[in-house]
Amino acid sequence: RLMNSVARGVADAGVKLEIFDAGRTAVSYILPSLWSRRGVIVGAPTYEVKLFPPVADALTMAVNKRITGRPAAFFGSFGWSGGALKDMKRIVEPAKWQVLETLEITGSPTHDDLKKGEDLGRTFAETLTAR
C-alpha cells in the first residue's frame, strides 16, 4: 500500500515511472532502468534488522556497475527495530547518490503514512522535473 501511494504521488506530478519488485525480478532487468532514468525511488522493509536482501543485492549491484550520482528517495517500514533505511544509505554512499527524500514508518501504514508516501513521491518527482 505504501508503494502504491508513493507511485501515485510520482504519477500525479506527471513523471513516468517503472516499478520493479526486487524479490521477483532479476537485477539484470532493473539495472538498465537505473541507467536511463533521472532518479530512483527505493522502498523496502526491514528484515531481521537489515535491508530486505533482494533490495540490498540490487543496490549493491548498481554500485558495482558504477551507477553514480543518482538523485534518490528511500522509504521503508519496520516492526520493532529499523535498519533498512540506514542500510540503503550506507550501500549507495560510495556511488554518491543524492538522497533527497526519506520516509520510514512503523508497522502497517496508517492513513497519514499513506499521505506522507504520496507527498514523498510528488515532491521527489517535482524536484526531478525542476532540474
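**Close-up 1. Aspartate 12 and arginine 122 form a salt bridge, with their closest N and O atoms 3.8 Å apart.** This is a predicted model, so keep that in mind for every view here. Aspartate 12 sits in helix 1, while arginine 122 belongs to helix 5 (residues 111-130), so this pair ties together parts that are 110 residues apart in sequence. And these two have company: salt bridges with shared partners join Arg8, Asp12, Lys115, Glu118, Asp119 and Arg122 into one network. Counting over the whole structure, you get 8 salt bridges.

**Close-up 2. Arginine 37 meets glutamate 18 in a salt bridge, 2.8 Å from N to O.** Here two loops are linked: arginine 37 is in the loop between helix 2 and strand 1, and glutamate 18 is in the loop between helix 1 and helix 2, 19 residues apart. Are these two residues buried or exposed? Arginine 37 is partly exposed, at 27% relative accessible area. Glutamate 18 also counts as partly exposed, with a relative accessibility of 41%.

**Close-up 3. Inside helix 4 (residues 84-92), arginine 90 and aspartate 87 are separated by about one helical turn, because they are 3 residues apart.** They form a salt bridge as well, and the closest N and O atoms are 3.6 Å apart. Take a look at aspartate 87: its relative accessibility is 9%, so it counts as buried.

**Close-up 4. Lysine 50, in strand 2, touches Pro45, Gly83, Ala84 and Asp87, leaving out residues up to four places away in sequence.** You've just met one of those partners, aspartate 87, as the salt-bridge partner of arginine 90. Lysine 50 itself is exposed, with 52% relative accessible area. How many residues along the chain lie between lysine 50 and alanine 84, counted as their distance apart? They are 34 residues apart, yet 5.3 Å separates their C-alpha atoms.

**Close-up 5. Strand 1 (residues 40-47) pairs with strand 3 (residues 71-78) in the parallel sense, over 6 bridges.** To find your way around this pairing, look for proline 45, which stands opposite serine 77 in strand 3. Strand 1 is also joined to strand 2 (residues 50-51), this time by 2 bridges, and these two strands run antiparallel. Threonine 46 is the residue to look for there, as it stands opposite leucine 51 in strand 2. Strands 1 and 2 make a hairpin with 2 residues between them, and glutamate 48 takes a positive phi near 55° in this hairpin. One handy thing to know when you trace a regular strand: the side chains alternate between the two faces of the sheet.

**Close-up 6. Valine 6 lies in helix 1 and is buried, with a relative accessible area of 3%.** Which residues does valine 6 contact, apart from its neighbours within four places in sequence? They are Ile41, Phe75, Gly117, Glu118, Leu120 and Gly121. Glycine 121 is 115 residues away along the chain, but its C-alpha atom and that of valine 6 are separated by 4.5 Å. Glu118 may ring a bell too, being part of the salt-bridge network that includes Asp12 and Arg122.

**Close-up 7. Met3, Leu17 and Ile19 form a nonpolar patch on the surface.** Together the three have about 250 Å² of accessible area. To locate isoleucine 19, go to the loop between helix 1 (2-12) and helix 2 (27-36). Glutamate 18, from the salt bridge with arginine 37, is in that loop too.

Note on methods. Residues numbered from 1 in each chain as written. Predicted model: local features only at pLDDT ≥ 70, side-chain atom pairs only at ≥ 80, totals over all residues. Heavy atoms only, no water. Pairing = 2+ DSSP bridges. Helix = DSSP H or I, 4+ residues; strand = E, 2+ residues; numbered from the N terminus. Patch = residues over 30% accessible without salt bridge, like charges linked within 9 Å, V, L, I, M, F, W, Y side chains within 5 Å. Areas by Shrake-Rupley, 256 points an atom, 1.4 Å probe, with all protein chains shown as cover. Salt bridge = Lys/Arg side-chain N within 4 Å of Asp/Glu carboxyl O. Buried < 20%, exposed > 50% of the residue type's maximum accessible area, 1.4 Å probe, protein only. Contact = heavy atoms within 4.5 Å.
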